[in-house]
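Colleague: I'd like a close look at one part of this model, the nonpolar interior, and then whatever connects to it. Could you walk me through it?

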Amino acid sequence: MVAKKQAPFDELSLVEARGGSADDDGRPRRTGTVWTASAHIITAVIGSGVLSLAWAIAQLGWAAGPAVMLLFAVVIYYTSTLLAECYRSGDPVAGKRNYTYMDAVRASLGGAKVTLCGAIQYANLFGVAIGYTIAASISMLAIKRADCFHAKGHRHACRSSSNPYMILFGVAEVVFSQIPDFDQIWWLSIVAAVMSFTYSTIGLVLGVMQTVANGGFQGSLTGISIGADVTPTQKVWRSLQAFGNIAFAYSYSIILIEIQDTIKAPPPSEAKVMKRATMVSVATTTVFYMLCGCMGYAAFGDAAPDNLLTGFGFYEPFWLLDIANVAIVVHLVGAYQVFCQPLFAFVEKWAAATWPDSAFITRELGAVGPFKLSVFRLTWRTAFVVLTTVVAMLLPFFGDVVGLLGAVSFWPLTVYFPIEMYVAQRGVRRGSMHWICLQMLSAACLVVSVAAAAGSIADVIGALKVYRPFSG
């Protein structure tokens, strides 16, 4: 169901109407710009997924690997521009705001699709939190192992459990989770974005250095070879999982509407600003992804690890690896918040509407800088972080979890819902060439998503056969 279109304002009267300290919806004036939105997106996008791209390209080879990466970039950019159009229902300047992804689906589609969207989106956000906890602990453990290899030699086992590092990351997230909403973590996003560029650049430089040391590029046109270590079936599953890894590396559509809700009021419209931010962010990340993924494959060929900076393709200089892994951890602290704030807001909004007179839900204890404490926020957000930490300790399979998350969320949240909302909002006529092309794109992406999920599930099942819970 399409929301009723509101009469457009002229831009001058709109600016005059918003001359106070509040926006048109009565909420505090938003201050976001194309640069803060880009920082949020880059924080969400250039995450732990970049570290698995060398492995993904190794499965696909020089021919298919970069081509698939570019294809995903184009699809994500296009569907993100469609989704940006759905922030306001009706008029793009003065229409009713949709504060969350679910609100946009409710305004444009309604019915059971709202429930389906919410279940997929928030389950995926929960999964991303688990994936980032795993990735952060692996990087913290890698710092200890790099120092151990430097001191005792590369042949030493240097084994250690990742569980204490997951707990340490969880404690940090409990603290940062007390920042109440998305608009107040812009500074954390900027710090995290700088960190993501730091470790991506280090990975790129190390890849170039290794390639030069090898005397040329490694790898082949078709990717990892079938032989004693890799069966034809494993080749197929791993290739499919690589699709999921690349999809995860570009995953941010699930929080696009929430990011757009931080942008200051028109003119220009939030949709125009968000499209520019999307262009800047996707172009920037694609360049980094191509460089890091391709140079990682060029350096290691078929032996490319599933995490470039922690799989110990590189041992020296150990101090540079330490800096890169510290940057990863700092980035993931911020990225965890960028992804989880929408879920926090959803639960707290629901609780406030369900129990409006409950002191447990509504009572604020005070504020210290950006941190604002309330009994419910402290209790619920701490419980969430504890749960994601415990699940991460049960499933520390970084590559498999990354591929599965990307595959499961890619089609419904990045392609299907944005296309269906755009069709409803813009009144695209069923059966028209525009409609047919959009449906063909959606169907093709569904096939890719299902195949990638199958590949990732097969690898998770294989890993579970030999893993003991909490063994680290």
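Colleague: How many residues does the largest nonpolar core have, and which of them have the most contacts inside it?

Modeller: Keep in mind that this is a predicted model. The largest nonpolar core has 118 residues, and the ones with the most contacts inside it are I246, Y289, F384, F417 and M421. Helix α11, residues 318-354, supplies the largest share of this core with 17 residues. There is also a second, separate core of 6 residues, with I130, I134, M166 and M393 among them.

Take I246 from that list of well-connected residues. Setting aside neighbours within four places in sequence, I246 is in contact with L53, A56, L60, V68, M69 and F72. Helix α3 covers residues 53-84, and A67 sits in it. A67 itself is partly exposed, because its relative accessible area is 43%. The C-alpha atoms of A67 and M290 are 9.9 Å apart, although their positions lie 223 residues apart along the chain.

Now for helix α13, residues 375-394, since R381 is worth a stop. R381 lies in helix α13 and counts as buried, because its relative accessibility is 0%. What does an arginine side chain do there? The side chain of R381 makes a polar contact with the side chain of E348 at 2.6 Å, and it also reaches the backbone oxygen of I179 at 2.8 Å. Not counting residues up to four places away in sequence, R381 touches S177, Q178, I179, P180, Q341, F344, E348 and F376.

The outside of the model has a nonpolar feature too. V386, V390, L394, L395 and L464 form a nonpolar patch on the surface, with about 340 Å² of accessible area together. Helix α13 gives the most to that patch, with 3 residues. V390 is in helix α13 and counts as partly exposed because its relative accessible area is 34%.

On to the charged pairs. Side chains of opposite charge can pair when their charged atoms come close. The structure holds 9 salt bridges. In one of them, the side chains of R88 and D24 meet at 3.2 Å, N to O. This pair links distant parts of the chain, 64 residues apart: R88 is in strand β1 (residues 88-89), while D24 is in the loop between α1 (11-17) and α2 (34-45). R88 is buried, because its relative accessibility is 3%, whereas D24 is partly exposed because its relative accessible area is 38%.

R97 and E270 form another salt bridge, also given as 3.2 Å, N to O. R97 is in strand β2 (residues 96-97) and E270 in helix α10 (residues 270-300), so this pair ties together parts that are 173 residues apart in sequence. Both R97 and E270 are buried.

R106 and D103 give a local case, with their side chains meeting in a salt bridge at 2.9 Å, N to O. They are 3 residues apart in helix α4 (residues 101-108), so about one helical turn separates them. R106 counts as partly exposed because its relative accessibility is 43%, while D103 counts as buried because its relative accessibility is 14%. Going back to the earlier pairs, D24, R88, R97 and E270 are joined into one network by salt bridges that share partners.

Terms used: Residues are numbered from 1 along each chain as its sequence is written. This is a predicted model: local features need pLDDT of at least 70, side-chain atom pairs count only at pLDDT 80 or more; totals for chains, interfaces and linings use all residues. Side-chain values use heavy atoms; hydrogens and water are left out. Patches are made of residues with over 30% relative accessible area and no salt bridge: like charges are joined within 9 Å, nonpolar side chains (Val, Leu, Ile, Met, Phe, Trp, Tyr) within 5 Å. Accessible areas come from the Shrake-Rupley method with a 1.4 Å probe; for residues, only the protein chains shown count as cover. A salt bridge is a side-chain nitrogen of Lys or Arg within 4 Å of a carboxyl oxygen of Asp or Glu. Helices (H or I, at least four residues) and strands (E, at least two) are DSSP runs, numbered from the N terminus. Buried means under 20% relative accessible area, exposed over 50%, partly exposed in between (1.4 Å probe, protein chains only). A polar contact is a pair of N or O atoms within 3.5 Å; within protein, one must be able to donate a hydrogen and the other to accept it, and residues adjacent in sequence count only if both atoms are side-chain atoms. Contact means heavy atoms within 4.5 Å. A nonpolar core is a set of buried Ala, Val, Leu, Ile, Met, Phe, Trp, Tyr and Cys residues joined through side-chain atoms within 4.5 Å.
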